[in-house]
Amino acid sequence: MSKWQDLMPSAELVVGQVMAISWQGEDLLLYRTAQGECRALNAYCPHMGNYMPSGLAPGQSISALLRDSEIHCPFHGWSFDGLGRCTHIPAGQRVPPAVRKGQPVARCWPLRESGGQIQIAPV
Ligand code: FES
């Protein structure tokens, strides 16, 4: 049996869009970059554990979390790439050793597109 599971039709996630979804008890940010790649990142920020969409201003679209193909946490400005690495911490904040070493700090899930579906694999 394939480890890949259908998540949603590919056409339902357009470039620049971010969706908050639940999958197997996990809260994910599912998004499509400007390059057309689909990615899935834990919706809770590894900095202080905040649910990132809840830091948006009232009325602000969840897609505002996506900047230059990276997820930007609205609480303290950390940014994360598609591999879960923190790519930016604003000046004056402590930089954890894992970030300094370029190691992943946010959980990500493998995605692929096949047969018109976005598919996800457990990690
Ligand atoms: S909680 Fe996300 S940057 Fe602090």
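Let's start with the largest nonpolar core. It has 19 residues. Leu29, Leu41, Met52, Ile71 and Phe80 touch the most other members. Keep in mind that this is a predicted model.

Take Ile71 from that group. Leaving aside neighbours within four places in sequence, Ile71 is in contact with Val18, Leu29, Tyr31, Leu41, Met52, Leu65, Leu66, Trp78, Ser79 and Phe80. Apart from this core lies another one, of 13 residues. Leu7, Trp23, Leu30 and Ile120 are among them.

Now the sheet. Four strands form an open sheet in the order 2-3-4-9, and the pairing is antiparallel. Which strands stand at the edges? Strand 2, residues 18–23, and strand 9, residues 108–109. Each has a single partner strand, so one side of each is left without a neighbour in the sheet.

Further in, strand 3 covers residues 26–32 and strand 4 covers residues 38–42. The two pair in the antiparallel sense over five bridges. One detail there: Leu28 has Asn42, in strand 4, as its bridge partner.

Last topic, cysteines. How many disulfides does a search of the whole structure find? Zero. Why is Cys86 not bonded to Cys45? Cys45 holds the closest cysteine sulfur, but that sulfur is 7.8 Å from the one in Cys86, which is too far for a bond. The cut-off is 2.5 Å between the sulfur atoms. Cys108 is in no disulfide either. Its nearest cysteine sulfur is that of Cys86, 12 Å away.

Buried or exposed? Cys86 is buried, at a relative accessible area of 10%. Cys108 is buried too, at 19%. The cut-off for buried is under 20%.

Key
Residues are numbered from 1 along each chain as its sequence is written. This is a predicted model: local features need pLDDT of at least 70, side-chain atom pairs count only at pLDDT 80 or more; totals for chains, interfaces and linings use all residues. Side-chain values use heavy atoms; hydrogens and water are left out. Two strands pair if DSSP finds at least two bridges between them. Buried means under 20% relative accessible area, exposed over 50%, partly exposed in between (1.4 Å probe, protein chains only). A nonpolar core is a set of buried Ala, Val, Leu, Ile, Met, Phe, Trp, Tyr and Cys residues joined through side-chain atoms within 4.5 Å. Contact means heavy atoms within 4.5 Å.
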